[in-house]
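Biologist: I would like to learn how to read a few features of a protein model, one after another. Could we begin with the aromatic rings?

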Amino acid sequence: MSRPDPLSGRTVVVTGAASGIGRALARRLSAAGCPVAMADVDEHGLKETAADLTGPVLRHVLDVRDAAAVTEFAAEVKKWAPADLGAVFNNAGVAIGSSVLGAVPADDDWLHDINFRGVVNGVRAFLPALVAQDSGTIVNTSSVYGLIGVPYQSAYCAAKFAVRGFTEALRQELRGTGVRAATVHPGGVKTNIARNARFRSDPEGRGRTHEQIAAEFDAIARTTPERAAAIIHKGVDRGKARILVGPDAYVVDALARLAPTRYFDIVAALRRR
């Protein structure tokens with residue numbers, strides 16, 4: 001299959017655009033000449049992002065868990081879009097820290113409804129327009145935690161593995177069409193996802209506060225949101241099906257392939273060093 005048309009000048013949709021990777025994507029793509037339709041539950045954050053954009057922008061407060069609301073957003077984008085749809089970035093996501101034994105089912109449901117079902121809602125809402133024009137890319141954010149299982153991240157891993165499997169199945173269904181499906185697998189990116197995560201208590205039993213756990217994540221996160229957005233943008237333009245973000249993502253991907261049942265022993269050793 002040939003490379004897709006570059007995103008520059010085409011309409012893009014970004015969920016989770018009020019902060020982090022979503023905000024950085026909106027900024028970068030707007031600077032590249034893309035009209036940006038962006039959504040998030042955080043209205044204040046959306047306004048801040050919109051203020052940074054240089055081109056046409058549609059701002060929509062949206063809870064991606066609400067399938068009907070996502071479908072309404074897609075209809076609004078269709079009416080508004082000044083150019084054809086180049087890509088839909090299903091990027092909204094949240095986190096939880098918990099052991100399996102200590103998990104709170106309501107927290108797991110909250111995460112799954114956003115991280116997985118929110119992605120499915122976005123795909124189902126926007127895919128008909130992409131298929132009708134026979135071009136464009138569905139870009140679903142998974143994680144390196146969608147490549148390996150990580151202790152105290154069972155809900156997050158389950159959702160991100162689900163995003164990966166759903167997107168890979170979709171990719172096969174789209175064979176022979178002009179529409180593509182890609183997964184994004186970020187490693188540690190300097191966002192507020194850990195600080196905004198739900199923690200009932202230290203899942204490792206070490207007595208750390210939520211702020212201390214978030215600070216530990218910040219210390220190992222190597223990639224800025226802006227760098228992540230650049231990698232994702234270039235990956236979509238190049239027609240990549242799997243976009244690894246950050247050097248740690250490449251290490252994790254290699255470990256998952258080379259030591260599929262022992263990778264965490266190696267990861268733990270590297271962390272200790």
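Modeller: Please keep in mind that this is a predicted model. A search of the whole structure finds three aromatic pairs, and one of them is formed by phenylalanine 73 and phenylalanine 126, whose rings meet edge-to-face.

Biologist: Which two values describe a pair of aromatic rings, and what are they for phenylalanine 73 and phenylalanine 126?

Modeller: In general, one gives the distance of the centres and the angle of the planes. For phenylalanine 73 and phenylalanine 126 the centres are 5.8 Å apart and the angle between the planes is 80°. Because phenylalanine 73 belongs to helix H3 and phenylalanine 126 to helix H5, the pair ties together parts that are 53 residues apart in sequence.

Biologist: Are phenylalanine 73 and phenylalanine 126 buried or exposed?

Modeller: Buried means a relative accessible area under 20%. Phenylalanine 73 has 1% and is therefore buried, and phenylalanine 126, with 4%, is buried as well. Another edge-to-face pair is made by phenylalanine 116 and phenylalanine 166, with 6.1 Å from centre to centre and 85° between the planes. This pair links distant parts of the chain, since phenylalanine 116 sits in the loop between helix H4 and H5, while phenylalanine 166 is in helix H6, 50 residues apart. Here phenylalanine 116 counts as partly exposed, at 23% relative accessibility, and phenylalanine 166 is partly exposed at 24%.

Biologist: Now to the strands: how do the side chains point along strand S3?

Modeller: In a regular strand the side chains alternate between the two faces of the sheet. In strand S3, which covers residues 57-61, Leu58 and His60 point to one face and are buried, whereas Val57, Arg59 and Val61 point to the other face and are not buried.

Biologist: In which sense does strand S3 pair with strand S2, and over how many bridges?

Modeller: The two strands pair in the parallel sense over five bridges, and in one of these contacts alanine 39 has histidine 60 of S3 as its bridge partner. Together with helix H2, which spans residues 43-52, S2 and S3 make a right-handed β-α-β unit.

Biologist: Finally, which residues form a nonpolar patch on the surface?

Modeller: Val251, Ile266 and Leu270 form such a patch, and together they have about 230 Å² of accessible area. Of these, leucine 270 is found in helix H10, residues 263-272, and with 46% relative accessibility leucine 270 counts as partly exposed.

Note on methods
Residues numbered from 1 in each chain as written. Predicted model: local features only at pLDDT ≥ 70, side-chain atom pairs only at ≥ 80, totals over all residues. Heavy atoms only, no water. Buried < 20%, exposed > 50% of the residue type's maximum accessible area, 1.4 Å probe, protein only. Helix = DSSP H or I, 4+ residues; strand = E, 2+ residues; numbered from the N terminus. Pairing = 2+ DSSP bridges. Right-handed = clockwise from strand over helix to strand, strands pointing away. Patch = residues over 30% accessible without salt bridge, like charges linked within 9 Å, V, L, I, M, F, W, Y side chains within 5 Å. Areas by Shrake-Rupley, 256 points an atom, 1.4 Å probe, with all protein chains shown as cover. Salt bridge = Lys/Arg side-chain N within 4 Å of Asp/Glu carboxyl O. Phe/Tyr/Trp six-rings, centres within 6.5 Å; stacked < 30°, edge-to-face > 60°.
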